[in-house]
Amino acid sequence: MRNSTPPAGASLWSAQAQMPAALAKRVTIVAGQGASVITADGAELLDAPAGLWHANVGHGREDIARVAYDQMRKLETYHVFGRFVNDVALSLADRVTALGPIPDAKIFWTSGGSDAVDLACKLARRHWQLEGRPDKRIILSRHNAYHGLHGFGTSIAGLDYNRDGYGTDSLIPETARIPTNDLAAAEAIITELGPEHIAAVVAEPVIGTGGVIAPATGYLEGLQRLARQHDILFIADEVVTGFGRTGTMFACERFGLEPDMVLMAKGITSGYAPLGGVLIGPRVWERYFNSDDAPILRHGITYSGHATACAVAHANLDILEREHLLRRSAELEGVLHHAIQPLADHPLVTAVRSGTGFLAGVQLNADVPGEAVVDACLDSGLLTRLIHNNTLHICPPFVVTDDEVSFIAKTIRVALDHITD
Ligand SMILES: Cc1ncc(COP(=O)(O)O)c(C=O)c1O
């Protein structure tokens with residue numbers, strides 16, 4: 001029989017959760033400061049995953065809160081449909097396009113990463129329609145890829161379970177997967193499908209949710225080359241890597257990439273407000289801007305270019321610059337790699353993936369109860385979580401200390417030893 005008064009919060013349906021298990025072990029976060037968060041029970045936890053890869057400048061930033069307050073008092077937002085815009089969406093567009101890896105780019109604001117994925121895939125298909133090549137519709141993505149969970153993101157996921165149970169192979173037809181890090185296999189699939197049918201290939205520079213998988217040497221450059229060679233648009237999903245996670249503003253800079261589109265979200269505001277965007281190169285945008293009978297891109301969302309979110313993004317970028325956090329992220333990449341790699345020797349660990357960007361995945365053996373490891377970490381003051389393949393997710397805010405990075409590695413080791421005993 002049901003209780004007549006359900007416990008507080010019982011009405012919330014959590015994301016990606018087996019609800020009975022999630023309800024039994026719910027962890028409610030009520031505050032955050034720097035690299036740590038506080039739970040409703042008063043426990044302080046080092047936030048190893050930076051929330052969901054988003055809290056780059058850390059929690060509890062007073063100056064960002066003040067900017068949000070001031071902007072809301074002035075103008076909470078105004079939409080950017082048709083001839084209307086708001087001033088902050090404009091100034092942030094100029095700032096971010098200047099920081100991005102595509103020369104002479106435009107930006108279309110979205111309210112998050114999945115929104116950005118949807119737009120980029122629509123825009124890629126529309127591009128080829130307007131080029132008079134309407135058969136180019138297939139969107140290629142990589143095995144293990146995660147591109148959010150809207151219609152296109154679900155359809156192109158390289159994690160098949162995110163597509164299960166919706167009745168068709170793919171919510172949106174005409175998508176295909178290529179292996180994670182194998183250029184020859186990618187080329188064979190392109191040949192098999194026929195480049196005349198392929199609109200775009202989408203890739204995360206470093207795969208995140210799929211288990212933290214770095215690109216093989218030369219892979220991304222090779223994928224971009226293949227795309228160019230076959231007249232396929234190349235789209236970099238930098239929702240995780242953008243804004244410093246690999247030590248440069250965008251990972252494209254690190255790998256020498258110049259895609260046709262770059263997707264961003266998360267780190268653009270460090271999570272202080274929901275915002276995403278698609279950076280778009282001239283090859284794609286020119287026809288929409290340059291003639292009296294230019295076509296209209298039939299896309300838009302109410303909160304595209306939300307003024308408060310854009311003001312928050314400015315404040316977040318100011319912090320990245322003022323506190324030299326890209327340099328710190330680059331430094332922390334080595335600190336984390338050095339601290340975490342020794343875990344590879346632990347008998348319960350399959351692999352430790354680190355060393356390309358300030359992020360790492362500790363993959364536990366398939367038979368290790370990953371949630372029990374997470375529980376033991378939580379009990380010792382470390383927040384981590386499981387991502388694909390029983391992998392512990394580590395990508396702390398850029399404000400952690402070297403000692404806190406060591407604490408992450410030590411705490412995971414103690415938790416694993418505890419499971420072994
Ligand atoms: C690479 C990548 N793309 C897209 C998304 C979707 O972003 P959002 O959850 O903001 O919709 C995510 C989210 O984790 C991501 O990691």
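This report describes one buried isoleucine, a four-stranded sheet, a helix pair and a strand pair in a predicted model.

**Ile340 and its surroundings**

Ile340 lies in helix α12, which spans residues 325-340. The residue counts as buried because it has 24 C-beta neighbours inside 10 Å, and the cut-off for that class is 20 or more. Beyond the residues within four places of it in sequence, Ile340 is in contact with Val352, Ser354, Ala360, Val362, Ile394 and Ala409. A further link in space is with Ile408: the two C-alpha atoms are 8.1 Å apart, although 68 residues separate Ile340 and Ile408 along the chain.

**The sheet β11-β12-β15-β14**

An open sheet is built from 4 strands in the order β11-β12-β15-β14, with antiparallel pairing. Its edge strands are β11 (349-353) and β14 (386-387), each of which pairs on one side only. Strands β12 (residues 360-364) and β15 (residues 391-394) are joined by 4 bridges in the antiparallel sense. Within that pairing, Ala360 has Ile394 in β15 as its bridge partner. Both Ala360 and Ile394 also appear among the contacts of Ile340. In a regular strand, side chains point alternately to the two faces of the sheet.

**Antiparallel strand pairs**

The table sets the β12 and β15 pairing beside the pairing of β4 with β10.

| Strand | Partner strand | Bridges |
|---|---|---|
| β12 (residues 360-364) | β15 (residues 391-394) | 4 bridges |
| β4 (residues 106-110) | β10 (residues 276-280) | 5 bridges |

Strand β4 is mostly covered, with 4 of its 5 residues buried. One of the bridges between β4 and β10 involves Thr110, whose partner in β10 is Gly276.

**Helices α7 and α8**

Helix α7 (residues 183-193) packs against helix α8 (residues 219-229) at an angle of about 20°, and their axes are 10 Å apart. Angles under 35 degrees count as roughly parallel, so α7 and α8 are roughly parallel to each other. The crossing of α7 past α8 is right-handed. On the α7 side the contact is made by Leu183, Ala186, Glu187 and Ile190, which meet Tyr219, Gly222, Leu223 and Leu226 of α8. By class, the residues of this contact comprise 6 nonpolar, 1 polar and 1 charged.

Technical notes
Residues numbered from 1 in each chain as written. Predicted model: local features only at pLDDT ≥ 70, side-chain atom pairs only at ≥ 80, totals over all residues. Helix = DSSP H or I, 4+ residues; strand = E, 2+ residues; numbered from the N terminus. Buried ≥ 20, exposed ≤ 12 C-beta atoms within 10 Å, placed from the backbone. Contact = placed C-beta atoms within 7 Å. Pairing = 2+ DSSP bridges. Axes fitted to C-alpha atoms, helices over the stretch in contact; angles between N-to-C directions. Parallel < 35°, antiparallel > 145°, perpendicular 65-115°, else oblique. Left-handed = near helix turned anticlockwise from the far one by under 90°. Nonpolar A, V, L, I, M, F, W, Y, C, P; charged D, E, K, R; others polar.
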